[in-house]
Amino acid sequence: MGFRQDFLWGGATAANQCEGAYNTDGRGLANVDVVPIGNERFDIISGKRKMLDFEDGYFYPAKKAIDMYHHYKEDIKLFAEMGFKTYRLSIAWTRIFPNGDELEPNEKGLAFYEDLFKTCQQYGIEPLVTITHFDCPIHLIKEYGGWRNRKMIVFYERLVRTLFTRYKGLVKYWLTFNEINMILHAPFMGAGLVFEQGENEQQTKYQAAHHELVASALATKIAHEIDPDNMIGCMLAAGEYYPLTPKPEDVFLAQQKNHENYFFIDVQSRGEYPAYALKALERGGIEIDMTEEDVTLLKQHTVDFISFSYYSSRVVTTDESVEKTAGNIFKSVKNPYLEASEWGWQIDPLGLRTTMNAIYDRYQKPLFIVENGLGAIDMPDESGCVKDDYRISYLREHIKAMKDAVELDGIDLLGYTSWGCIDLVSAGTGEMKKRYGFIYVDRDNDGNGSLKRTKKKSFDWYKKVIASNGEDL
Ligand code: BGP
């Protein structure tokens, strides 16, 4: 019983949130490099406003981040010390193709990841690679309008072919798009979309989503052709919607909201647009430009496993007067039974088990939890150590729930990578002060700090969890 013997314990990061070195060794500029912190951030993330006409004159924490570009050997060594079996990271598209539409890749970018993967290999750590994690070259946004343009599929195909060929034998597990459903809520991050005045935003978002779905199927096809051992996953920002009350209208609304998210995975895992989505698009007057080749690709090249992030469940009601709360860009209603993090994200470990069951019932494919964790303001004590008992308790309860889902519900789970295993820049706020790591990094929002890495209390705790394959929590 318990977790499988080859369970992939580890941690997760994303290139733009940890690498820094944003213009080193030929790297081009990407959407995520030009999103400021502060009040304007949400307008930009949601595609409502263009920032600085994409000029590169400002300092944002992500440009330097924790400089993992120059510290990866030290960081991976620390991951190995914790006993990681896997490390989830993403490729910065603009290190490989700085503009996105070149014919030839940038060798320095390719060599960087090659060495990183070889370092993982030395420690027996299996890389899990997100091909794009909120990451779109600025040039492709300026010239082509981001993923609204079908040509993006060609550029993405070039990127994936390059990666699968170069890293054959070094990388087996791949995710095509991080949190693909986030395109509906953060379209600039998810698809490089900036809307024109008066544009039909829903039409543009769903057409861009369609292009990503086709690109994902194409990547799956190419990955399997290049190496039949490759395992390709989709990636959902998950968290079931609960109805606030048993009022049938609330229950129905919760189901509709769940559909909104599952639409993406239904296409990637079942290979076709579900009936409810076709009807909803029709009602909304949205027409998808979909070729016969698209339909065939989607049908024939579905994913091997389903990965997802889980931070919280969500609540909805038709009653407009009920208090709302924050939570990973998605809006939710306050759940009276739950506590919340300092950022208002509601903490619901049992919701993880509920979500796992919902996903597994729906797709019957192996699951992989690739993000979960607690963002907090960590304060080192006099000895310099962060005693993050709050984080240990969050993770312990979630791992228990995940264990129940495996042991008691029979769910096939490949692995678990907690988010931000080393402190990094927050995607939501763009700041350094919201931390998730087992490893503290001395770096503040203004880019000051020694960059020294220090183990938090949770470091030894997670090491023990991994060593006992989740028995000693
Ligand atoms: C997910 C993203 C991550 C990550 C995480 C935590 O949506 O995939 O990139 O950042 O959320 O969110 P935040 O950084 O806003 O706390």
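**Figure 1. The whole chain, with its 16 helices and 16 strands.** Welcome to the overview; please keep in mind that this is a predicted model. Along its principal axes, the box filled by the C-alpha atoms of the chain is roughly 60 × 55 × 45 Å. The radius of gyration is 21 Å, which agrees with the value near 23 Å for a compact globule of 473 residues. Of those 473 residues, 51% are buried. Contacts often reach far along the chain: taking those between residues at least 6 apart in sequence, 76% join residues at least 24 apart.

**Figure 2. A closed barrel of 8 strands.** If you trace the barrel from strand to strand, the order is β1-β2-β3-β4-β5-β7-β13-β14, and the pairing is parallel. On average, neighbouring strands of this sheet are turned by 25° against each other, direction ignored.

**Figure 3. Strands β1 and β2 side by side.** This close-up picks out one parallel pair of the barrel, made of β1 (residues 8-12) and β2 (residues 86-90). The two strands are joined over 3 bridges. A handy place to start looking is G10, which has T86 of β2 opposite.

**Figure 4. Strand β5 with β4 and β7 as its pairing partners.** How much of β5 is buried? Of its 7 residues, 6 are buried, so the strand is largely enclosed by the rest of the structure. With β4 it pairs in the parallel sense over 3 bridges, and here Y173 stands opposite M231 in β5. With β7 (residues 305-309), strand β5 pairs over 5 bridges, again in the parallel sense. To find this pairing on screen, look for A237, whose bridge partner in β7 is S309. As a general reminder while you look at the strands, side chains in a regular strand alternate between the two faces of the sheet.

**Figure 5. Helix α10 lying across three strands.** Which strands does α10 lie across? The helix, residues 201-226, lies across β3 (126-132), β4 (173-177) and β5 (231-237). Its direction is at about 160° to that of β4.

**Figure 6. The residues around the ligand.** There are 15 residues around the ligand, and those that come nearest are A14, G375, S426, A427 and G428. What classes of residue make up this shell? It has 8 polar, 4 nonpolar and 3 charged residues.

**Figure 7. F7 in the segment before β1.** Is F7 buried, exposed or partly exposed? With 18 other C-beta atoms within 10 Å, F7 is partly exposed. Leaving aside its neighbours within four places in sequence, this residue is in contact with G415 and N469. The contact with N469 bridges a long stretch of sequence: F7 and N469 are 462 residues apart along the chain, while their C-alpha atoms are separated by 7.6 Å.

**Figure 8. G384 in a loop.** Where does G384 sit? Its place is between β13 (367-371) and α15 (389-407), in the loop that links them. G384 counts as exposed because it has 10 C-beta neighbours inside 10 Å, and 12 or fewer is the cut-off for that class. Also shown is Y440, which is 56 residues from G384 along the chain. Their C-alpha atoms are separated by 9.7 Å.

Note on methods:
Residues numbered from 1 in each chain as written. Predicted model: local features only at pLDDT ≥ 70, side-chain atom pairs only at ≥ 80, totals over all residues. Helix = DSSP H or I, 4+ residues; strand = E, 2+ residues; numbered from the N terminus. Buried ≥ 20, exposed ≤ 12 C-beta atoms within 10 Å, placed from the backbone. Near = placed C-beta within 6 Å. Nonpolar A, V, L, I, M, F, W, Y, C, P; charged D, E, K, R; others polar. Pairing = 2+ DSSP bridges. Axes fitted to C-alpha atoms, helices over the stretch in contact; angles between N-to-C directions. Contact = placed C-beta atoms within 7 Å. Rg over C-alpha atoms; globule rule 2.2 N^0.38 Å.
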